[in-house]
Amino acid sequence: SKTTPYQHHTAAVHSFGKVPLGLKRKGLRIVVTGGAGFVGSHLVDRLIERGDSVIVVDNFFTGRKENVMHHFGNPRFELIRHDVVEPLLLEVDQIYHLACPASPVHYKFNPTNVVGTLNMLGLAKRIGARFLLTSTSEVYGDPLQHPQKETYWGNVNPIGVRSCYDEGKRTAETLTMDYHRGAEVEVRIARIFNTYGPRMCLDDGRVVSNFVAQALRKEPLTVYGDGKQTRSFQYVSDLVEGLMRLMEGEHVGPFNLGNPGEFTMLELAKVVQETIDPEAKIEYRPNTEDDPHKRKPDITKAKEQLGWEPKVDLHTGLPLMVSDFRQRIFGDHKEGGT
Ligand code: NAD
Ligand code: UDP
Ligand code: UDP
């Protein structure tokens, strides 16, 4: 039987959980595609802190060097400018595959989800690395089941304006399971629900970043549609903890990773007003096509199998993001901090 680099390190990973904190284990070599982005850069911080060696692969489509600059000079950190749509040759133990244009404004233009995922699975197969896909709650489409369980197959328009993203991620999940079954690649699938926090792209059009930036700039908060549609907002540190538990654990998934606290967009606007500026006005705009009416994760599976649940609620997490946005918008401090 062949020994993969990953298997070589498995004992180290598993004993890590049992040895007292402070004792050293052998660091893993880990690729994070999209590691210069919002979620990726927070994940990189945790992996570096844990003692692993991290290679970030990013084409800076929406990511920024500032998000990872504080690791420059660390011999355990490497940054490669590369588009995952092109093949990539590396030797690592784990691949966290996050590269993806993740916002409606950006994702229409890019075959990253399909071709990029195929390449990273090809890489994982060749070197025997464990592969984690960051999928999305968008695979549930405009859900007819509420809250959404992992067993729900979704309600997705295959030819709509959002299809490149949600169908792209559905295809990415399919490819991931095919490589798992057909080529015995060790895979993990996370379905991430709306996540916010420091280092979020300022102008990528997502609702939390829009509202926070608007309130800080004394502009009206733009509520699309009637504002009664719901989302569940997860703070980024909770997500990163979930992704790492999923990668280290023995379950393939898919796992919903999200905060079950559900808010209408008008309720979110209210929390932003309370946090930043009670005088902030609300301005209604037409909604986008195929906008899901509601979304809330059922996280029973992640609780039971990963021992994970979110710890930071919206009222606690939002202020942490606001101070980062304030610094970046008004430029009184360096970028990329937490
Ligand atoms: P982000 O835009 O901040 O990060 C994505 C990163 O991928 C960026 O650094 C970007 O430059 C990079 N990238 C894009 N295309 C690439 C390519 N072809 N080659 C190399 N790098 C490329 O977004 P994020 O919020 O950090 O999202 C990370 C992952 O989590 C994505 O896969 C996204 O689909 C998933 N996700 C995020 C959320 C959320 O609410 N943030 C929700 C569901 C799923
Ligand atoms: N691939 C890659 N790095 C590797 C191995 C493969 O980028 O180390 C890419 C490869 O270029 C191909 C994709 O991954 O486009 C799928 O590879 P696989 O070997 O599974 O498929 P095949 O090349 O046999 O069609
Ligand atoms: N939205 C809004 N105002 C904005 C941006 C978005 O009311 O300035 C709404 C959008 O119509 C959707 C919800 O907020 O109903 C979440 O949108 P986002 O793009 O953040 O995430 P997703 O649709 O992917 O869940």
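Thr134 stands opposite Ala190 in strand E6. That pair belongs to the contact between E5 and E6, which pair in the parallel sense over six bridges. The model is predicted.

**The sheet**

Strand E6 spans residues 187-192, and three bridges join it to E11. The two strands run parallel. Here Ile192 stands opposite Leu257 in E11.

How does E6 fit into the whole sheet? The sheet is open and has seven strands, in the order E3-E2-E1-E4-E5-E6-E11. The pairing is parallel. E3 (77-81) and E11 (255-257) stand at the edges, each with a single partner strand, so one side of each is left without a neighbour in the sheet. Neighbouring strands are turned by 20° against each other on average, with direction ignored.

Is E6 covered or bare? Mostly covered: six of its six residues are buried. In a regular strand, side chains alternate between the two faces of the sheet. In E6, Val187, Ile189 and Arg191 lie on one side. Arg188, Ala190 and Ile192 lie on the other. Every one of these residues is buried, and both faces of E6 are covered.

**Helices on the sheet**

Helix H4 (residues 112-127) lies across E1 (29-33), E4 (94-97) and E5 (130-136). H4 runs at about 170° to E4. Helix H5 (residues 163-183) also packs on the sheet, touching E5 and E6. The direction of H5 makes about 155° with that of E5.

**Helix H2**

H2 has 13 residues. From its first C-alpha to its last, H2 reaches 19 Å, close to the 18 Å expected at 1.5 Å a residue. After H2 comes Gly51, whose phi is positive, near 105°.

Which residues of H2 are buried? They are Phe38, Val39, Gly40, Ser41, His42, Leu43, Val44 and Leu47. An α-helix has 3.6 residues a turn, so residues three or four places apart point the same way. The buried residues of H2 pack against strands E1, E2 (53-58), E4 and E7 (195-196), and against helix H7 (236-248).

**Around the ligands**

H2 also takes part in the shell around ligand 1. Which element gives the largest share of that shell? It is H2, with three residues. H2 (38-50), H4 and E5 each supply at least two residues. There are 29 residues around ligand 1, and Gly34, Gly37, Phe38, Val39 and Gly63 come nearest. Phe38 and Val39 are also among the buried residues of H2.

The residues around ligand 2 are Pro87, Leu88, Leu89, Leu118, Asn119, Gly122, Leu123, Lys125 and Arg126.

Around ligand 3 there are 14 residues, and the nearest are Arg206, Val207, Asn210, Thr222 and Tyr224. Helix H6 (207-216) and strand E8 (221-224) are the elements that give two or more residues to this shell. The largest share, three residues, comes from E8.

The table sorts each shell by residue class.

| Shell | Nonpolar | Polar | Charged |
|---|---|---|---|
| Ligand 1 | 14 residues | 13 residues | two residues |
| Ligand 2 | five residues | two residues | two residues |
| Ligand 3 | five residues | six residues | three residues |

Technical notes
Residues are numbered from 1 along each chain as its sequence is written. Chains are lettered from A and ligands numbered from 1 in the order in which they are written. This is a predicted model: local features need pLDDT of at least 70, side-chain atom pairs count only at pLDDT 80 or more; totals for chains, interfaces and linings use all residues. Two strands pair if DSSP finds at least two bridges between them. Helices (H or I, at least four residues) and strands (E, at least two) are DSSP runs, numbered from the N terminus. Axes are lines fitted to C-alpha atoms, for helices over the stretch in contact, and angles run from 0 to 180 degrees between N-to-C directions. Two residues are in contact if their C-beta atoms, placed from the backbone, lie within 7 Å. A residue is near a molecule or strand if its C-beta atom, placed from the backbone, lies within 6 Å of it. Ala, Val, Leu, Ile, Met, Phe, Trp, Tyr, Cys and Pro count as nonpolar, Asp, Glu, Lys and Arg as charged, and the others, Gly among them, as polar. The expected span of a helix is 1.5 Å times one less than its number of residues. A residue is buried if 20 or more other C-beta atoms lie within 10 Å of its own, exposed if 12 or fewer, and partly exposed in between; C-beta atoms are placed from the backbone.
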